[in-house]
Amino acid sequence: MGHDGIMRLRLFTEPQQGADYTTLLQVARATEDLGFDAFFRSDHYLKMGDVSGLPGPTDAWATLAGLARETSRIRLGTLVTAATFRYPGPLAITVAQVDQMSGGRVELGIGAGWFAAEHSAYGIPFPDLGERFARYEEQLEVITGLWDVPDGGTFSFSGKYYTVADSPALPKPVQRPRPPVIVGGIGPNRTPRLAARFADEYNVPFASVDDTSAAFGRVREACAAAGRHETSMIYSAAQTVCCGRTRAELDRRAAAIGQKADELAENGIAGLPDDVVKKIRKFAEIGAEHIPAGARSARP
């Protein structure tokens, strides 16, 4: 379980598959009313797989700004914002502002970006993988650097892709020194190093218990190499969850997201309530402290 012995269950949504702000607000309010810990959403601009995607994409940070004012308790964040979508300085401003609007409930999940089609669909440059990771690392440097500068100080950075000169590093988020930063992915080399250097939480997306455990191990090793204690990191596992009170209800709910219950039970978290609890417990046993869970539609 977590540092305090509690497994935190978080709702994770993928609205690019077809959800407007009104629907997301309903889900977020249900998340709060039902006692879940947080509402997270993907940051994508194009649908995936055999769905219409109607009524079209919503912007992640515009959504979270609205929810910041219309909820009161739950944490709010992205899994994950693509570094290709925004410049690091304006992103730091946006996240800090939403943190203020929420009273200090925001978490920034950020990654290198991977979905080429959404970039071409909306005119966003999509460099090769090496450059995306290099930009991603510089973005992490700039965003955390801006937030970490003491009040009244300035921040400067000179990188290959981004240069910041004498920034006043404002506005400051409510959470100090900064909102939690989440680094996710299962890459064996660069991702663990970046997580150990910058992240407050490391997330493994949609992987088996064994693969998740191996990824956690690589990040723990990277923390040790960086001189950081492994327990200073929160470890989380995003999973597709499908639960039914009966087998018929389970099959119906799995079909609604284009999945088969037996395959979900093998590759995600699915079954009757006791089955779901047992699978979550397996993730807890390998050190997972947060489970961002959603009904993930089939993808190409």
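In this predicted model, strand 6 presents two contrasting faces: Phe155 and Phe157 lie on the covered face, while Ser156 and Ser158 make up the uncovered one. This arrangement is a pleasing example of a general pattern, in that side chains of a regular strand alternate between the two faces of the sheet. The partner of strand 6 is strand 7, residues 163–167, and the two run antiparallel, joined by three bridges. One pairing of note links Phe157 with Val164 of strand 7. Together the two strands form a hairpin, with four residues separating them.

Thr154 sits in the loop that leads from helix 5 (129–148) to strand 6 (155–158). With a relative accessibility of 51%, Thr154 falls into the exposed class, because the threshold for that class is over 50%. Exposure does not leave Thr154 without company: beyond residues up to four places away in sequence, Thr154 touches Val149, Asp166 and Ser167. Ala165 is eleven residues from Thr154 in sequence, with 8.5 Å between their C-alpha atoms.

Attention now turns to a pair of helices. Helix 6 (residues 190–198) and helix 7 (residues 209–225) have axes that come within 8 Å of each other and cross at roughly 55°; helix 6 is therefore oblique to helix 7. The crossing is right-handed. Helix 6 contributes Pro192, Arg193, Ala195 and Ala196 to the contact, and helix 7 contributes Arg218, Val219, Ala222 and Cys223. By character, the residues of this contact comprise six nonpolar and two charged, with no polar ones.

Definitions and conventions
Residues are numbered from 1 along each chain as its sequence is written. This is a predicted model: local features need pLDDT of at least 70, side-chain atom pairs count only at pLDDT 80 or more; totals for chains, interfaces and linings use all residues. Side-chain values use heavy atoms; hydrogens and water are left out. Axes are lines fitted to C-alpha atoms, for helices over the stretch in contact, and angles run from 0 to 180 degrees between N-to-C directions. Angles under 35 degrees count as roughly parallel, over 145 as roughly antiparallel, 65 to 115 as roughly perpendicular and the rest as oblique. A crossing is left-handed if the near helix is turned anticlockwise from the far one by less than a right angle, and right-handed if clockwise. Contact means heavy atoms within 4.5 Å. Ala, Val, Leu, Ile, Met, Phe, Trp, Tyr, Cys and Pro count as nonpolar, Asp, Glu, Lys and Arg as charged, and the others, Gly among them, as polar. Buried means under 20% relative accessible area, exposed over 50%, partly exposed in between (1.4 Å probe, protein chains only). Two strands pair if DSSP finds at least two bridges between them.
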